[in-house]
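Got your viewer open and a selection box ready? Let's walk through this one stop by stop.

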Amino acid sequence: MIQTDYPIHHGDYTRAGEASADIKRQLRQLGVGSATLRRIAVAAYEMELNIIIHSLGGSMTLVVDNDGIKLSSRDEGPGIPDVSKAMSEGFSTADEVARGLGFGAGMGLPNMRRNADQFEIESVMGQGTQIRMLFLLT
Amino acid sequence: MGEKRFHSVQLDKDKCKGCTNCLKHCPTEAIRVRGGRAHIINERCVDCGECIRICEYHAKVAMTDKLEDIFRFEHRIALPAPSLYGQFRHVGSIGIVLEALTRIGFTSVFEVARGADVITRAVKEKLKNPDRPRPLISSACPAVTRIIQVRFPTLIPHIIDLKQPMEVAASIARAEYAKTHGVAPEKIGVFFITPCAAKMTAIRSPLGHEKSEVDGAISMMEIYGHLLPHVAEIKASDMTTSATPFGIGWARSGGEADAAVPKNSMVVDGMDNVIRVLEEVEDGKLRDLDYFEGAACPGGCVGGPLTYENKYLARNTVMSLMDGLPPRHPQEAVPGSVLNKYPLYFDKPIVPNGSMKLHESIANAIERMEQMNAILDRLPGYDCGSCGSPTCRAFAEDIVRGYCSETDCIFILKERLKGMAQQMVDISHTRRE
């Protein structure tokens, strides 16, 4: 089993994409096929950016074992008030800074769900959000 | 490990000092220093020429043809890349360079800039198809196509399935010459005058099509000395360029986008920058962009490792030459019928290269990565290159692949020696009982 943890800080745009790049590098070395790798690349980047933009900070974890590729995230809050609303396309609460940088199209969570083979999200206000994605090895 | 193929960048063993400069600059980690000399991992090398540029001992060379090689053909066509014009500062006209080529042994000249004009038209047609994944990625720089094959296999569907201007120019040149001179096409030798090693590789091992229309490539650096006296001597020439200024503009980065996709395209030059932006394309960030023009060399082809003149000056010269031409666009200059007359399109899929894989089976690759990570934890993380691998991570990978051992790391070796020295001290203190 391979596990790598990536701490992600709120508002740290200078490092945006670094965790995703490392995830891609590892999966390429493992020989994950192009079609799957592409889906993971998009989902991983959205996951990383979501933590930077919306959370108070948190981490991402990559696990690769016989079940497949698991990407999960947990953050320290603030939590999502209405998860089903946040899951709808085009809905975004991104702040001015993020929008100014071209984010906040409201496609983050929908893109993750669309690209993952399994997608789970749990959020508790005041505690934080956890997301788990599974990508099957074909 | 991937396909067996020719690649153009090679090591001159006698000149290599075994330093680590090239190691650090290779974008695909394809170089190792072992036994005091650099080695190139063929499957990974994309022939970008970074190592040729960086090696102060000139130990990295490009395998290109010699000028005398053209004489094995009865008929000899030169295909000058437009960057060649930039090598001659204050040259009065492009015609002078073309005429100089006929004086050193070529029986005819056909400009690659004309091939670029044809490709410009073809790119415009391709952009009309909205089903292709965006951004479309230019196939003009062979080192960029290779790095996608090695490092960004997920982006292969983005590569526009058009041959390089050099190939198109060769097809047209050969066909036209055969017709006007009434000779068999195979009696004609077509030689590209190249600014880089990657084009040589593209001729010997093409991507996207089986065989190249070009018979060989001569380095600009080599041909420069032959051409210079003639360029200096010819005051005016009856020969003139048949390309548009847009086609000639392909010599420098941005020229292709200027001609084919002036709006909503992105121009990136230099291998580091190309890689950085391709990461973003892979993450799905740039889907709203139509076209990506990438060049491995800073400044585009005028910055090629086999050019003579510095790229800033060469760019300047090319732009002055463009200014002197009537502002015709390829859309008017190239008849639409040309697009179906010559083989412009890929006829063979580009397949992922796979040389980064730790093992063919994912289960075994996972096992190797676990071992790699365990080794990496013990390494100092200085990425000094003394072991001969470019980074500590690459070193850990090399150990797992069985190419070296942990004590090749100078810091681990020091620790071990310290332990041994301590043991000796301890032994020397034991008393005779």
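What follows is a tour of a predicted model, going from the chains to their contact and then to a few local spots.

**Stop 1: chain A**

Select chain A and switch to cartoon. Five helices and five strands should show up. Trace the chain from the N terminus and you pass the elements in the order β-α-α-β-β-α-α-α-β-β. The radius of gyration is 14 Å, close to the 14 Å that the globule rule gives for 138 residues, so chain A is as compact as a globular protein of that length. If you draw the principal axes, the C-alpha trace spans about 40 × 30 × 25 Å along them.

Now colour chain A by relative accessibility. Buried residues account for 52% of its 138 residues. For a contact map, look at pairs with a separation of 6 or more: in chain A, 62% of those contacts are between residues 24 or more positions apart.

**Stop 2: the cis bond in chain A**

Stay in chain A and zoom to A:Gly77 and A:Pro78. The peptide bond joining them is cis, with omega at about 10°. To place A:Pro78 in the fold, find the loop between strand E3 (68-75) and helix H3 (83-86) of chain A.

**Stop 3: chain B**

Next, select chain B. Its secondary structure comes to 17 helices and eleven strands. The C-alpha atoms fill a box of roughly 105 × 50 × 40 Å along the principal axes. Of the 433 residues in chain B, 56% are buried. In its contact map, residues 24 or more positions apart supply 79% of the contacts with a separation of 6 or more.

**Stop 4: where the chains meet**

Show both chains and select the residues in contact across them. You should get 23 residues from chain A and 26 residues from chain B. On the chain A side, pick out A:Arg28, A:Gln29 and A:Arg38: these lose the most area to chain B, together 33% of what that side buries. The area buried between the two chains is about 2200 Å², with carbon and sulfur atoms giving 52% of it.

How many salt bridges are there between chain A and chain B? The count is three. To see one of them, show sticks for A:Lys24 and B:Asp283, where the closest N and O atoms are 3.0 Å apart. Polar contacts are worth displaying as well: eleven residue pairs across the interface qualify, both partners being at pLDDT 80 or more.

Which elements of chain A give two or more residues to the side that touches chain B? Highlight helix H1 (18-30), helix H2 (34-54) and strand E2 (58-65) of chain A. H1(A) provides the largest share of that side, nine residues. Colour the chain A side by residue class and you will find eleven nonpolar, six polar and six charged residues.

**Stop 5: B:Arg132 and its surroundings**

Go to the loop between helix H4 (112-126) and strand E7 (136-137) of chain B, where B:Arg132 sits. Is B:Arg132 buried or exposed? Its relative accessibility is 19%, and the cut-off for buried is under 20%, so B:Arg132 counts as buried.

Select everything in contact with B:Arg132, leaving out its neighbours within four places in sequence. The selection holds B:Lys126, B:Pro157, B:His158, B:Ile159, B:Ile160 and B:Asp161. Two distances to label run from the side chain of B:Arg132 to backbone oxygens: 3.2 Å to B:Pro157 and 3.2 Å to B:Ile159. For a backbone view, the C-alpha atoms of B:Arg132 and B:Ile160 are separated by 8.9 Å, with their positions 28 residues apart along the chain.

Before you leave, step along to B:Pro135, in the loop between H4 and E7 of chain B. The peptide bond from B:Arg134 to B:Pro135 is cis, with omega near -5°.

**Stop 6: positive phi in chain B**

Finish with two backbone angles. B:His90 is a residue other than glycine with a positive phi, near 65°. Look for B:His90 in the loop between strand E5 (75-80) and helix H3 (94-103) of chain B. At 70% relative accessibility, B:His90 counts as exposed.

Then select B:Asn264, another residue other than glycine with a positive phi, near 60°. B:Asn264 is in the loop between helix H10 (255-260) and strand E10 (265-269) of chain B, and at 38% relative accessibility it counts as partly exposed.

Notes: Residues are numbered from 1 along each chain as its sequence is written. Chains are lettered from A and ligands numbered from 1 in the order in which they are written. Side-chain values use heavy atoms; hydrogens and water are left out. Contact means heavy atoms within 4.5 Å. Buried area is the accessible area (1.4 Å probe) that two parts lose on being put together, summed over both. A salt bridge is a side-chain nitrogen of Lys or Arg within 4 Å of a carboxyl oxygen of Asp or Glu. A polar contact is a pair of N or O atoms within 3.5 Å; within protein, one must be able to donate a hydrogen and the other to accept it, and residues adjacent in sequence count only if both atoms are side-chain atoms. Helices (H or I, at least four residues) and strands (E, at least two) are DSSP runs, numbered from the N terminus. Ala, Val, Leu, Ile, Met, Phe, Trp, Tyr, Cys and Pro count as nonpolar, Asp, Glu, Lys and Arg as charged, and the others, Gly among them, as polar. The radius of gyration is taken over C-alpha atoms; the globule rule is 2.2 Å times the number of residues to the power 0.38. Buried means under 20% relative accessible area, exposed over 50%, partly exposed in between (1.4 Å probe, protein chains only).
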